[in-house]
Amino acid sequence: MAERIVVAVDGPAASGKGTLARRLAAQFGFAYLDTGALYRAVGLAVLHRHGEEAGPDDMLEVARSLTAADVLVLTGHPSLRTDRTAVAASRVAAVAAVRDTLADIQRRFAVDPPEGARGAVLDGRDIGTVICPGADAKLFVIADTEVRAHRRLKELHERGVPAIWTEVLQDLKDRDDRDSRRSVAPLRPAHDAFLIDTSELSPTQVFDKAIAFLHSRPAFAALQPSV
Ligand code: CDP
């Protein structure tokens, strides 16, 4: 099997990494994995089985018990994108053994992407540092906290989810804090990641910057966009 090209896109919540990652995958005909959805799926299952008071052992027991079919159902669940699920996701994501159970799925996706795709784009928090440290290109996407909170509020309102500015902002800050301070796989750029601050950029400007960087990487030199 030919080696697949791997693109890692990491960054904090609502930084624009998902939009960028999906667009890059479409551009090159690569498979796309939203790794946050896996953590959200485990977080949601923990909420269903144990509520808010779950401890690390409950979280691990749930993570280990989930089948591929369960994950598929949970990632399509209407509550997957709520802030309550995001908070539950960031709690389960701080447990090292839970991260280990999800690491294999992510690495297998990168090495052997579905439908024989010639590459994979994974977005998350630790793709460039822990999951795929040998990725062909690493992007780290950031934006000011208030800009990110505005984006998240708009996104929630567009989906008809009631949300209050102060709560969205506080949730984002708490999650940033938990994600960057945890001892296992904390959110931080890989030493060889290309940083993009999206605060004042449109999605197309972000995409153009990423493409310019990708074309400077050896793996992309001969690669044409997918038609
Ligand atoms: O969509 P948003 O950026 O708000 O979050 P997400 O990507 O869906 O991730 C939800 C939570 O899962 C994050 O706050 C992280 O705590 C955790 N996560 C992680 O630890 N590692 C990943 N690779 C992806 C998500």
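The second largest cavity of this predicted model lies between domain 1 (1–30 + 118–221) and domain 2 (35–116), because both domains give residues to its lining. Its volume is about 40 Å³. The lining is made up of Asp83, Ala86, Val87, Arg152, Val168, Asp171, Leu172 and Arg175. Two elements, α5 and α9 (165–181), give two or more residues each to this lining, and α9 gives the most, with four. By class, four of the lining residues are nonpolar and four are charged, with no polar residue.

In total, the structure holds two cavities of 30 Å³ or more. The largest cavity has a volume of about 70 Å³. Around this largest cavity stand Val46, Leu47, Gly51, Glu52, Ala54, Met59, Ala88, Arg91 and Val92. Both α2 (35–50) and α5 (83–92) supply at least two residues of that lining, with α5 giving the most, three residues. Six of the lining residues are nonpolar, one is polar and two are charged.

**Open pockets**

The largest pocket has a volume of about 820 Å³. It is lined by 40 residues, of which Ala13, Ala14, Lys17, Gly18 and Arg152 are the closest to its centre. Arg152 is also one of the residues lining the second largest cavity. Like that cavity, the largest pocket takes lining residues from domain 1 (1–30 + 118–221) and domain 2 (35–116), and it therefore lies between them. Many elements supply at least two residues each to the pocket lining, including α1 (17–28), β2 (31–34), β3 (119–124), α8 (145–158) and α10 (203–214). The element that gives the most is α1, with six residues. The lining has 13 nonpolar, 10 polar and 17 charged residues.

The second largest pocket holds about 380 Å³ of space. Among its 14 lining residues, Leu33, Leu38, Val71, Ile105 and Phe109 are the closest to the centre. At least two residues each come from β2, α2, α4 (68–75) and α6 (96–111). The largest share is that of α4, with four residues. In this lining, nine residues are nonpolar, two are polar and three are charged.

The table sets out volume and lining class for each space.

| Space | Volume | Lining residues by class |
|---|---|---|
| Largest cavity | about 70 Å³ | six nonpolar, one polar, two charged |
| Second largest cavity | about 40 Å³ | four nonpolar, no polar, four charged |
| Largest pocket | about 820 Å³ | 13 nonpolar, 10 polar, 17 charged |
| Second largest pocket | about 380 Å³ | nine nonpolar, two polar, three charged |

**Nonpolar cores**

In soluble globular proteins, nonpolar side chains tend to be buried together. The largest nonpolar core here has 35 residues, and Val42, Val46, Leu66, Val98, Leu122 and Cys132 touch the most other members. The element giving the most to this core is α2, with seven residues. Domain 1 (1–30 + 118–221) and domain 2 (35–116) both give residues to this core, so the core lies between them.

Valine 98 shows some of the packing in detail: leaving aside neighbours within four places in sequence, valine 98 is in contact with Val42, Met59, Leu60, Ala63 and Val92. Of these partners, Met59 and Val92 also line the largest cavity. Val46 is likewise both a lining residue of that cavity and one of the core members that touch the most others.

A second, separate core has 22 residues, among them Ile5, Ala21, Phe30 and Leu223.

Note on methods
Residues numbered from 1 in each chain as written. Predicted model: local features only at pLDDT ≥ 70, side-chain atom pairs only at ≥ 80, totals over all residues. Heavy atoms only, no water. 1 Å grid on protein atoms, 1.4 Å probe; cavity = no way out; pocket = protein on both sides within 12 Å on 5 of 7 lines; lining within 4 Å. Points joined across faces, edges and corners; volume = space filled by probe spheres on them. Nonpolar A, V, L, I, M, F, W, Y, C, P; charged D, E, K, R; others polar. Domains from an automatic or database assignment. Core = buried A, V, L, I, M, F, W, Y, C linked by side-chain atoms within 4.5 Å. Buried < 20%, exposed > 50% of the residue type's maximum accessible area, 1.4 Å probe, protein only. Contact = heavy atoms within 4.5 Å.
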